[in-house]
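Thanks for coming. I will go through one structure this morning, starting with confidence and then moving to the packing and the side-chain pairs.

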Amino acid sequence: MSERREHVLNSAIDWVGKLLYYDRKEDDELPVGAIEDALASGEIEESDIVDAFAKELREKLAEGRLEKTTPLTTWGPDG
């Protein structure tokens with residue numbers, strides 16, 4: 001695996017942590033555990049989250065090179 005590929009995939013893993021925990025810590029509307037609860041109750045499915053991410057990624061890539069202000073870039077581990 002190339003080093004760049006490894007970095008990209010590790011960033012995706014970090015985004016999951018942000019989605020499920022770090023971005024939830026101070027979120028009143030979607031606190032820590034809310035996503036897991038929604039998944040467990042069937043309110044949303046993993047595939048819905050994956051599809052939403054894939055759709056956003058495709059749309060941003062189709063627009064050309066991402067800008068620093070693009071919301072997608074704020075999802076990364078340092079964003």
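What is the mean pLDDT of the protein chain, and what percentage of its residues reach 70 or more? This is a predicted model, so that comes before anything else. The mean is 87, and 81% of the residues reach 70 or more. Among the helices, H2 has the highest confidence, at a mean of 97, and H3 the lowest, at 94. Residues 75–79 are another matter: their pLDDT is below 50. That stretch still has 13 contacts in the model beyond near neighbours in sequence.

Next, helix H2. It runs over residues 34–41, and Ala34, Ile35 and Ala38 are its buried residues. Seen down the helix axis, those buried residues fall within an arc of 100°, so they line one face of H2. As a reminder, an α-helix has 3.6 residues a turn, so residues three or four places apart point the same way. On the face of H2 turned away from the buried side sit the exposed residues Asp37 and Ala40.

What do the buried residues of H2 pack against? They pack against two helices, H1, which is 3–22, and H3, which is 46–62. After H2 comes Gly42, with a positive phi, near 85°.

Ile35 is the residue of H2 I looked at in more detail. Its relative accessible area is 9%, and because the limit for buried is under 20%, Ile35 counts as buried. Leaving aside residues up to four places away in sequence, Ile35 touches Leu19, Leu20, Arg24, Leu30 and Ile49. Leu19 and Leu20 fall within the range of H1, and Ile49 within that of H3. There is also a distance to give for Ile35 and Glu45: 10 residues apart in sequence, and 9.8 Å apart in space, C-alpha to C-alpha.

Now the aromatic side chains. How many aromatic pairs does a search of the whole structure find? It finds 2. One is Trp15 with Phe53, a tilted pair, 5.6 Å centre to centre with 45° between the planes. Trp15 lies in helix H1 and Phe53 in helix H3, so this pair ties together parts that are 38 residues apart in sequence. Trp15 is partly exposed, at 24% relative accessibility, and Phe53 is partly exposed too, at 27%.

The other pair is Tyr21 with Tyr22, which is edge-to-face: 4.9 Å centre to centre, 80° between the planes. Tyr21 is partly exposed, with a relative accessible area of 39%. Tyr22 is at 54%, and because the limit for exposed is over 50%, Tyr22 counts as exposed.

That leaves the charged residues. Side chains of opposite charge can pair when their charged atoms come close. How many salt bridges does the count come to? The count is 3.

I will start with Arg24, which has already come up as a contact of Ile35. Arg24 forms a salt bridge with Asp27, and their closest N and O atoms are 3.0 Å apart. Arg24 is buried, at 10% relative accessibility, whereas Asp27 is partly exposed, at 24%.

Then there is Glu59 with Lys55, where the closest N and O atoms are 2.7 Å apart. Both residues lie in helix H3, 4 residues apart, which is about one turn of the helix. Glu59 is partly exposed at 35% relative accessibility, and Lys55 is partly exposed at 48%.

Finally, Glu56 forms a salt bridge with Lys60, with 3.6 Å between the closest N and O atoms. Here again both residues are in helix H3, 4 residues apart, about one turn of the helix. Is Lys60 buried or exposed? Lys60 counts as buried, at 15% relative accessibility, while its partner Glu56 is partly exposed, at 21%.

To go back over the main points: H2 has a buried face that packs against H1 and H3. The Trp15 and Phe53 pair ties H1 to H3. For residues 75–79, the pLDDT is below 50. That is what I have.

Terms used:
Residues numbered from 1 in each chain as written. Heavy atoms only, no water. Buried < 20%, exposed > 50% of the residue type's maximum accessible area, 1.4 Å probe, protein only. Arc of directions from axis to C-beta. Contact = heavy atoms within 4.5 Å. Phe/Tyr/Trp six-rings, centres within 6.5 Å; stacked < 30°, edge-to-face > 60°. pLDDT = per-residue confidence, 0-100. Salt bridge = Lys/Arg side-chain N within 4 Å of Asp/Glu carboxyl O.
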